[in-house]
Amino acid sequence: LAGLQGAGHLAVLDAVCGRARLTAGSVRLPGGEVPRSPRQAVAAGVAYVSGDRKGRGLMTDQTLWENVTAVRRLGLGADGPMPSRRRMVGRTTDLVRRLRIRGGPYDLAGQLSGGNQQKAVLAKWLDADPAVVVLDDPTRGVDVGARAETHEIVRDLAGDGKVVLIASTDLT
């Protein structure tokens with residue numbers, strides 16, 4: 001989805017992510033109807049990658065591993081009541097390599113560059129293995145190199161069979 005800010009294309013993202021009720025029409029996701037709340041969306045395998053990485057995407061005062069494992073650990077409870085830090089750091093290390101994030105698991109998220117912060121937000125959701133990845137302006141405020149890497153990651157996700165929905169004001 002593409003459009004100028006305020007053009008209404010973000011309303012579709014809100015509907016898919018359970019943040020807004022549909023007033024007309026319908027949206028179907030793999031496995032059923034659109035969830036009615038963000039919590040239901042996460043449980044249904046919908047990842048929302050915000051372009052507002054500092055306001056909605058990251059806990060900038062926490063380490064990269066705490067950010068990357070947050071959805072799976074806190075939102076889904078998939079790591080159990082006593083999660084293994086070693087396993088969470090290991091998963092983070094794998095995602096750091098896969099997404100080419102320039103930083104380590106123990107680095108504070110707020111100290112990463114903008115492009116690496118955005119890839120960390122994406123890693124947080126990929127750790128939860130979503131079926132649907134919703135990207136809200138994923139290349140806003142990142143440099144040309146990070147933009148190209150983000151586009152490559154998105155192509156790989158689609159190639160892996162993930163449903164990918166992108167809303168962007170960046171038409172390049």
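This is a short talk on the fold of one protein, its central strands and one lysine in a helix.

Before anything else, please keep in mind that what we are looking at is a predicted model, and that every value I mention is computed from it.

Let me start with the overall layout. The protein has eight helices and five strands, and if we walk along the chain from the N terminus, the order of the elements is α-β-β-α-β-α-α-α-α-α-β-α-β. As for dimensions, the C-alpha atoms occupy a box of roughly 45 × 40 × 30 Å along the principal axes. The radius of gyration is 16 Å, and because a compact globule of 172 residues would be expected near 16 Å, the two agree. Buried residues make up 44% of the 172, and, among contacts with a separation of 6 or more, 67% are between residues 24 or more positions apart.

On the surface, the accessible area comes to about 9100 Å², and carbon and sulfur atoms contribute 52% of that. There are 24 positive and 18 negative charges, and the mean positions of these two sets lie 4 Å apart.

Now to the strands, where I would like to begin with strand 4, residues 132–136. Which strands does strand 4 pair with, and in what sense? On one side of the account there is strand 3, which runs parallel to strand 4 and is joined to it by four bridges; there is also strand 5, residues 163–167, which pairs with strand 4 in the parallel sense over five bridges. To give some residue pairs, A47 stands opposite V133, Y48 stands opposite V134, and L135 of strand 4 stands opposite I166 of strand 5.

Strand 4 is mostly covered, with five of its five residues buried. V132, V134 and D136 point one way, while V133 and L135 point the other way; so you will notice an aspartate, D136, among these buried positions. Strand 3, residues 46–49, has a similar description: V46 and Y48 point one way, A47 and V49 the other, and all are buried.Finally, let me turn to K119, which has its place in helix 7, residues 114–126. Is this lysine buried or exposed? With a relative accessible area of 1%, K119 is buried. Leaving aside its neighbours within four places in sequence, K119 is in contact with L99, R100, I101 and R102, and also with E149, T150 and I153.

Notes: Residues are numbered from 1 along each chain as its sequence is written. This is a predicted model: local features need pLDDT of at least 70, side-chain atom pairs count only at pLDDT 80 or more; totals for chains, interfaces and linings use all residues. Side-chain values use heavy atoms; hydrogens and water are left out. Buried means under 20% relative accessible area, exposed over 50%, partly exposed in between (1.4 Å probe, protein chains only). Helices (H or I, at least four residues) and strands (E, at least two) are DSSP runs, numbered from the N terminus. Two strands pair if DSSP finds at least two bridges between them. The radius of gyration is taken over C-alpha atoms; the globule rule is 2.2 Å times the number of residues to the power 0.38. Contact means heavy atoms within 4.5 Å. Accessible areas come from the Shrake-Rupley method with a 1.4 Å probe; for residues, only the protein chains shown count as cover. Lys and Arg count as positive and Asp and Glu as negative; His and the chain ends are not counted. The place of a charge is taken as NZ of Lys, CZ of Arg, CG of Asp or CD of Glu.
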